[in-house]
Amino acid sequence: ALLENIGPEIPVGLWSYTKDSLNETPFKVEANKKYNIKNSSGNIIATVDSNSVTTRVSYVSDKNFKVYNSIPETLSNREVLFEAADGNSSDMIFDIYRPGSSYDQYRGKIKIRYTDSNNIWVINILPMEHYVWGMGETTGTGPFEHTKLMTTIFRTYGYQYITWTSTKWLVYGFRIRSDSGSQIYRGYDWETTYPNIKKAAQETKGKIATYNGNVALTP
């Protein structure tokens with residue numbers, strides 16, 4: 001089967017904080033171009049130029065985040081969303097300083113979301129095709145036909161997660177994890193380090209595996 005254009009958006013859970021760990025090490029974000037910061041109501045609370053000082057987010061109380069450093073201290077309840085100010089997320093790259101990882105850069109949109117005191121998730125929201133570009137299940141340095149097959153399987157599994165009526169991750173604000181709990185996704189850094197993956201994804205663009213008209217299970 002074939003998905004249209006660059007596919008639907010997929011929200012990916014990157015990692016989580018507790019409220020205490022977020023206060024000890026605040027979330028940090030920078031970007032390659034101007035971006036908006038929005039609250040859970042979708043209202044813009046600030047617009048930040050690229051190459052400006054880092055935006056930081058920490059937890060205050062009563063499900064409120066404090067957004068600061070690049071802007072005057074501002075509270076946002078439950079969620080903070082970062083997205084391109086010009087409306088074009090395809091070339092929007094956020095550097096989010098992922099703890100303990102060298103894979104810090106992600107395309108699209110970034111959200112930090114409070115569920116409970118032990119689950120404050122950092123979420124990457126991006127179109128399906130851009131998600132496949134960051135496939136971390138392989139380096140794509142082997143036979144190219146194998147890499148093409150892997151991108152098709154990766155896309156299929158991701159698409160299956162967003163078409164299910166419910167998943168265990170939905171309560172946390174995303175559909176699929178970025179680790180082996182679902183399938184490994186490492187974002188823009190992986191995409192640029194292993195360019196055969198993006199090339200293979202482009203050559204298989206929109207292709208998913210189906211069986212009897214249904215999305216196939218392809219873990």
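Two strands count as paired if DSSP finds at least two bridges between them. The model on screen is predicted, and this tour goes through its strand pairings, two loop residues and one helix pair.

**Stop 1: β8 and its partners**

Select β8, residues 79-84. Strand β8 is mostly covered, with six of its six residues buried. Now add β11, residues 109-116. Four bridges link β8 to β11, and the two strands run antiparallel. To find the register on this side, pick L81 and look across to K111 in β11, which stands opposite.

Next, show β3, residues 35-38. Strand β3 is also antiparallel to β8, and four bridges join them. Here the residues to pick are I37 and its bridge partner in β8, F82.

**Stop 2: the β3-β4 hairpin**

Keep β3 on screen and add β4, residues 44-48. This pair is antiparallel and is held to its register by four bridges. K38 stands opposite I44 in β4. Follow the chain from β3 into β4: the two form a hairpin, with five residues between them. In the turn, select G42, whose phi is positive at about 85°.

**Stop 3: the six-stranded sheet**

Now select β7, β6, β5, β2, β9 and β10, which form an open sheet in that order. The pairing in this sheet is antiparallel. Which strands stand at the edges? They are β7 (74-77) and β10 (105-107); each has a single partner strand, so one side of each is left without a neighbour in the sheet. Looking across the sheet, neighbouring strands are turned by 30° against each other on average, direction ignored.

Within the sheet, isolate β2 (residues 27-31) and β5 (residues 55-59). Three bridges join these antiparallel strands. Pick F27 and look for V57 in β5, which stands opposite.

**Stop 4: two loop residues with positive phi**

From β5, move along the chain into the loop that leads to β6 (64-68) and select D62. Its phi is near 50°, a positive value in a residue other than glycine. Is D62 buried or exposed? D62 has a relative accessible area of 61% and is exposed, the cut-off for exposed being over 50%.

Then go to the loop between β9 (93-95) and β10 and select Y97. Y97 is another residue other than glycine with a positive phi, here near 45°. Its relative accessibility is 31%, so Y97 counts as partly exposed.

**Stop 5: helices α3 and α5**

Finally, select α3 (residues 144-163) and α5 (residues 195-203). The two helices pack with their axes 8 Å apart, at an angle of about 70°. Angles of 65 to 115 degrees count as roughly perpendicular, and α3 and α5 are therefore roughly perpendicular to each other. Their crossing is right-handed.

To see the contact itself, display side chains on both helices. On α3, select F144, T147, K148, T151 and R155. On α5, the residues they meet are N196, I197, K199, A200, A201 and E203. Colour this set by residue type: the contact divides into four nonpolar, three polar and four charged residues.

Technical notes
Residues numbered from 1 in each chain as written. Predicted model: local features only at pLDDT ≥ 70, side-chain atom pairs only at ≥ 80, totals over all residues. Heavy atoms only, no water. Axes fitted to C-alpha atoms, helices over the stretch in contact; angles between N-to-C directions. Parallel < 35°, antiparallel > 145°, perpendicular 65-115°, else oblique. Left-handed = near helix turned anticlockwise from the far one by under 90°. Contact = heavy atoms within 4.5 Å. Nonpolar A, V, L, I, M, F, W, Y, C, P; charged D, E, K, R; others polar. Buried < 20%, exposed > 50% of the residue type's maximum accessible area, 1.4 Å probe, protein only.
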